[in-house]
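Visitor: I am new to this structure and would like a close look at a single part of it. Please take one helix and explain what surrounds it.

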Amino acid sequence: MAGQDYRELAAIFAGGALGALTRAALSTLVPADPTRWPWPTFAVNIVGAFLVAYFTTRLLERLPLSSYRRPLLGTGLCGGLTTFSTMQVEILAMIEHGKYGLAVGYGVASIGLGLLAVYLATALVRRVSVRG
């Protein structure tokens, strides 16, 4: 791996570990049940969408350039915190248990509120005046 910045990889690793541990801790609070709304996954995905939009917009538009903030916060923390694959598995389990309305509602709410969270986070960052 010639030319690889190991500090950037360390930032991704540290952020990813923190995000994944947070998600795992939340998922232990509510046992998985394909007949009920999966609140832990739903919550981390919406919060993660908000955070990745907030961090990305703030880091690109408001703060001085840094080699490690985006890998730490965006790729690492938010990547480890959010889980689209778990959402897919949960939707399939709901369908297998005949909970079609729950599956559709969960999918639509996750994507819709995730997009709304991105919009709100971006608007929040852009609304705040730049200090100079």
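Guide: What follows is a look at helix 1 and its contact with helix 3.
This is a predicted model, in which local features need pLDDT of at least 70 and side-chain atom pairs count only at pLDDT 80 or more, while totals for chains, interfaces and linings use all residues. Residues are numbered from 1 along each chain as its sequence is written, and side-chain values use heavy atoms, with hydrogens and water left out.
Helix 1, a DSSP run of H or I with at least four residues, numbered from the N terminus, covers residues 6–29. Its 24 residues reach 35 Å from the first C-alpha to the last, close to the 34 Å expected at 1.5 Å a residue, where the expected span is 1.5 Å times one less than the number of residues.
Within helix 1, A11, G15, G16 and G19 are buried, that is, under 20% relative accessible area with a 1.4 Å probe, protein chains only. What covers these buried residues includes helix 3 (69–81).
The axes of the two helices, lines fitted to C-alpha atoms over the stretch in contact, with angles from 0 to 180 degrees between N-to-C directions, come within 6 Å and cross at roughly 30 degrees. Helix 1 is therefore roughly parallel to helix 3, a term for angles under 35 degrees.
In the contact (heavy atoms within 4.5 Å), residues of helix 1 including A11, G15, G16 and G19 meet residues of helix 3, among them L72, G76 and G80.

Terms used:
Helices (H or I, at least four residues) and strands (E, at least two) are DSSP runs, numbered from the N terminus. Buried means under 20% relative accessible area, exposed over 50%, partly exposed in between (1.4 Å probe, protein chains only). Angles under 35 degrees count as roughly parallel, over 145 as roughly antiparallel, 65 to 115 as roughly perpendicular and the rest as oblique.
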